[in-house]
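These are my comments on the model, set out as numbered points. Please read them with the coordinates open.

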Amino acid sequence: FGADNIGHDVFSRTIYGARRSLAVATVATLVGFTVGGVVGLVSGFYRRTLDDAIVAVLDIMLAIPGLVLALALVAFFAAPGSASPTQQTMWATFALSILAVPTIARVARAQTMVWADRDFVLASRTLGTRNLRIIVREVVPNILPAMVSIAFIGLAALIVVEAALAFFGVGDVSGVSWGIMIQNGRSQVDRAPHMVLFPALFMFMTILSLNFVGDQVRTRFDVRESGI
């Protein structure tokens with residue numbers, strides 16, 4: 001892959017940079033998956049006033065451009081000089097987690113509303129089964145495939161946002177990641193395009209792969225009642 005402007009091996013940095021880009025996006029996705037899943041479950045199962053309040057909050061969060069929100073949060077809480085590199089990375093992860101919550105919560109809510117009205121759930125309620133047991137035993141196993149599928153797609157989106165934060169110089173820019181490599185090679189893209197091309201290519205292949213895996217998860221575990 002050649003070398004950059006100060007002699008660093010581009011291939012080694014591209015491979016090493018994947019660790020940070022994937023780690024931050026993966027942790028943020030897991031947090032968003034957990035929080036968003038619980039919020040969506042509660043909203044879709046209990047409904048009424050609680051559902052209206054949760055939906056209103058989710059709509060507000062979705063109305064704010066994700067990249068703008070992430071830039072604002074990281075710039076405010078982890079401005080250079082006011083936070084250590086570790087703290088900057090933690091705040092970047094926190095910002096990405098917030099972006100993941102509303103999308104997963106809406107999917108979990110929609111799926112919960114579908115499965116909560118099925119006959120086997122109504123039968124469990126008739127038998128006096130507690131709501132928590134119904135959620136854990138009857139609802140959660142059926143909504144997980146859709147949630148996992150959207151989580152893979154969300155992970156791909158968060159990798160792009162993490163790279164964008166590094167590209168704009170927000171957060172910890174002292175390490176190595178795909179976004180930092182692209183930002184460092186931006187000024188020399190006309191003379192040394194390989195400095196930008198290879199990290200961007202790896203990011204593209206990773207995002208494409210994650211979207212493909214998400215589609216396969218949805219197809220593989222999709223319940224087809226007509227075939228039962």
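1. Ser177 is in contact with Gly17, Arg20, Ser21, Glu162 and Ala166, once its neighbours within four places in sequence are set aside. The model is a predicted one. Ser177 belongs to the loop between helix H6 (131-167) and H7. Its relative accessibility is 0%, under the 20% limit, so Ser177 counts as buried.

2. The helix after that loop, H7 (residues 178-185), packs against H1 (residues 10-46). Two packed helices are described by the angle between their axes and the distance between the axes. For H1 and H7 the angle is about 135 degrees and the axes are 7 Å apart. Roughly perpendicular ends at 115 degrees and roughly antiparallel starts over 145, so an angle of about 135 degrees is classed as oblique.

3. Which residues make the contact between H1 and H7? On the H1 side they are Val10, Arg13, Thr14, Gly17, Ala18, Arg20 and Ser21. On the H7 side they are Trp178, Ile180, Met181 and Asn184. Sorted by class, this contact has five nonpolar, four polar and two charged residues. Gly17, Arg20 and Ser21 in H1 meet H7, and Gly17, Arg20 and Ser21 are also among the contacts of Ser177.

4. On the other side of H7, Ser187 is found in the loop between H7 and helix H8 (194-221). Is Ser187 buried or exposed? Its relative accessibility is 59%, over the 50% limit, so Ser187 counts as exposed. Ser187 and Ser124 are 63 residues apart along the chain, and their C-alpha atoms are separated by 63 Å.

5. The model has six aromatic pairs. One of them is formed by Phe1 and Phe11, an edge-to-face pair with 5.2 Å from centre to centre and 80 degrees between the planes. Phe1 is in the segment before H1 and Phe11 is in helix H1, 10 residues apart. Phe1 is partly exposed, at a relative accessible area of 34%, and Phe11 is partly exposed as well, at 40%.

6. Another edge-to-face pair is formed by Phe45 and Tyr46. Their ring centres are 5.2 Å apart and their planes are at 75 degrees, an angle over 60, so the edge-to-face class applies. Phe45 is buried, with a relative accessible area of 6%, whereas Tyr46 is partly exposed at 39% relative accessibility.

7. Ring pairs also link Phe1, Phe11, Phe198 and Phe202 into a cluster. A charge over a ring is found elsewhere: the charged end of Arg118 sits over the ring of Trp115, at 4.4 Å from the ring centre.

8. For the chain as a whole, the secondary structure comes to eight helices and zero strands. The C-alpha atoms fill a box of roughly 70 × 40 × 25 Å along the principal axes. The chain has 228 residues, of which 40% count as buried. Among contacts between residues at least 6 apart in sequence, 75% join residues at least 24 apart.

Methods
Residues are numbered from 1 along each chain as its sequence is written. This is a predicted model: local features need pLDDT of at least 70, side-chain atom pairs count only at pLDDT 80 or more; totals for chains, interfaces and linings use all residues. Side-chain values use heavy atoms; hydrogens and water are left out. Axes are lines fitted to C-alpha atoms, for helices over the stretch in contact, and angles run from 0 to 180 degrees between N-to-C directions. Helices (H or I, at least four residues) and strands (E, at least two) are DSSP runs, numbered from the N terminus. Angles under 35 degrees count as roughly parallel, over 145 as roughly antiparallel, 65 to 115 as roughly perpendicular and the rest as oblique. Contact means heavy atoms within 4.5 Å. Ala, Val, Leu, Ile, Met, Phe, Trp, Tyr, Cys and Pro count as nonpolar, Asp, Glu, Lys and Arg as charged, and the others, Gly among them, as polar. Rings of Phe, Tyr and Trp (its six-membered ring) pair if their centres lie within 6.5 Å; planes under 30 degrees apart count as stacked, over 60 as edge-to-face and the rest as tilted. Buried means under 20% relative accessible area, exposed over 50%, partly exposed in between (1.4 Å probe, protein chains only). A charge sits over a ring if NZ of Lys or CZ of Arg is within 6 Å of the ring centre and within 35 degrees of the ring normal.
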